[in-house]
Amino acid sequence: MTANTVPHPRGRAKEDVVHGEQAHAIDALPQSLGRLRTRFSELRAPAPADVQGTYRAVFVGPALLRAVAPRAIALGGMRGWHGKRFDGEGGAVNVLRDGDGALRDSLPATISTDASWLDGSAALVVSYGTGPQGSAPVPWRWVRDEFRSLDDGTLLGLTFVGGPWSRLAASPFALVRER
């Protein structure tokens with residue numbers, strides 16, 4: 001990886017900056033939802049231990065989705081969503097950026113390898129409905145994030161809401177491992 005910071009050419013927000021190999025992985029993603037789902041199906045699930053660390057979210061896909069997704073997440077109670085932190089032992093948390101720029105953990109989750117609701121192949125699954133604190137708040141108790149590896153530091157994710165039938169509306173995003 002290079003130390004150079006490369007802004008994403010597809011109209012990303014100023015904070016959506018990726019580095020080296022991750023920049024290439026994000027740039028190579030198609031913009032259409034159908035092609036993103038096809039790309040997801042071509043990838044392999046990482047092992048839970050292989051994703052340990054903090055990841056910053058990058059919204060991908062059509063411009064309208066990239067504009068709406070952060071607002072929808074904020075309306076769901078996670079204003080300032082920055083990304084996720086995986087503990088490498090089956091747990092994860094969402095990471096929020098406070099108004100003063102500090103990061104804080106929110107909404108604990110469990111991770112496992114399971115069949116994808118998109119195609120039935122293995123995916124790293126993040127579930128919010130069950131965890132150490134019991135059931136997650138609405139709407140998160142109905143949300144399931146699935147991930148597959150684009151490269152060693154980049155995950156392509158799909159968010160499903162409700163059940164396997166929601167695969168037609170699964171929303172894509174990427175997670176980029178922070179240094």
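1. A strand is a DSSP run of E covering at least two residues, and strands are numbered from the N terminus. With that in hand, let's start at L107, which has its place in strand β6. Keep in mind as you look around that this is a predicted model. What is the phi of L107 near? It is near 50°, a positive value in a residue other than glycine. Most residues other than glycine have a negative phi, so that backbone angle is a good one to look up in the viewer. L107 has a relative accessible area of 11%, and buried means under 20%, so L107 counts as buried.

2. Next, the charged pairs. How many salt bridges does the structure hold? There are 7. One of them joins K84 to D145, with 3.1 Å between the closest N and O atoms. K84 belongs to strand β4 (residues 81-86) and D145 to strand β8 (residues 143-151), so this pair ties together parts that are 61 residues apart in sequence. Are K84 and D145 buried or exposed? Both are buried.

3. Now compare that with D105 and R85, whose side chains also meet in a salt bridge, this time at 2.3 Å from N to O. D105 is in strand β6 (residues 103-115) and R85 in strand β4, so parts 20 residues apart in sequence are tied together. What about the surroundings of the two partners? D105 is partly exposed, with a relative accessible area of 45%. R85 is partly exposed too, at 28%.

4. A third pair is R144 with E146, where the closest N and O atoms are 2.8 Å apart. R144 has 9% relative accessibility and counts as buried. For E146, the relative accessible area is 0%, so E146 is buried as well. Don't stop at the pair, though: D114 joins R144 and E146 in a network of salt bridges.

5. Go back to D145 for a moment, since there is plenty to see there. D145 sits in strand β8, and its relative accessible area is 4%, which makes it buried. Besides the salt bridge to K84, the side chain of D145 has a polar contact of 2.6 Å with the side chain of T159. Which residues does D145 touch, not counting those up to four places away in sequence? They are K84, L124, V125, V126, Y128, L158, T159 and F173.

6. On to the greasy parts. In soluble globular proteins, nonpolar side chains tend to be buried together. Here the largest nonpolar core has 24 residues, and W81, F86, Y128, W140, F147 and L175 are the ones that touch the most other members. Two or more residues come from each of β3 (53-59), α3 (63-75), β4, β5 (91-97), β6, β7 (122-127), β8 and β10 (171-177). There is also a second, separate core of 18 residues, with L29, V58, L118 and L156 among them.

7. If you want one core residue to click on, try L175. Setting aside neighbours within four places in sequence, L175 is in contact with Y55, R56, A57, G83, K84, F86, F147, G153, T154 and L155. Notice K84 in that list, the partner of D145 in the salt bridge from point 2.

8. Finally, the rings. How many aromatic pairs does the whole structure have? A search finds 7. F59 and W81 make a tilted one, 5.9 Å centre to centre with 55° between the planes. F59 lies in strand β3 and W81 in strand β4, so the pair ties together parts 22 residues apart in sequence. Both F59 and W81 are buried. W81 also pairs with F173, this time edge-to-face, at 5.7 Å centre to centre and 75° between the planes. That pair links distant parts of the chain, from W81 in strand β4 to F173 in strand β10, 92 residues apart. W81 counts as buried at 15% relative accessibility, while F173 is buried at 5%.

9. To finish, which residues form one aromatic cluster? They are Y55, F59, W81, F86, F147 and F173. Three of these names, W81, F86 and F147, also appeared among the core residues that touch the most other members.

Key: Residues are numbered from 1 along each chain as its sequence is written. This is a predicted model: local features need pLDDT of at least 70, side-chain atom pairs count only at pLDDT 80 or more; totals for chains, interfaces and linings use all residues. Side-chain values use heavy atoms; hydrogens and water are left out. A salt bridge is a side-chain nitrogen of Lys or Arg within 4 Å of a carboxyl oxygen of Asp or Glu. Helices (H or I, at least four residues) and strands (E, at least two) are DSSP runs, numbered from the N terminus. Buried means under 20% relative accessible area, exposed over 50%, partly exposed in between (1.4 Å probe, protein chains only). A polar contact is a pair of N or O atoms within 3.5 Å; within protein, one must be able to donate a hydrogen and the other to accept it, and residues adjacent in sequence count only if both atoms are side-chain atoms. Contact means heavy atoms within 4.5 Å. A nonpolar core is a set of buried Ala, Val, Leu, Ile, Met, Phe, Trp, Tyr and Cys residues joined through side-chain atoms within 4.5 Å. Rings of Phe, Tyr and Trp (its six-membered ring) pair if their centres lie within 6.5 Å; planes under 30 degrees apart count as stacked, over 60 as edge-to-face and the rest as tilted.
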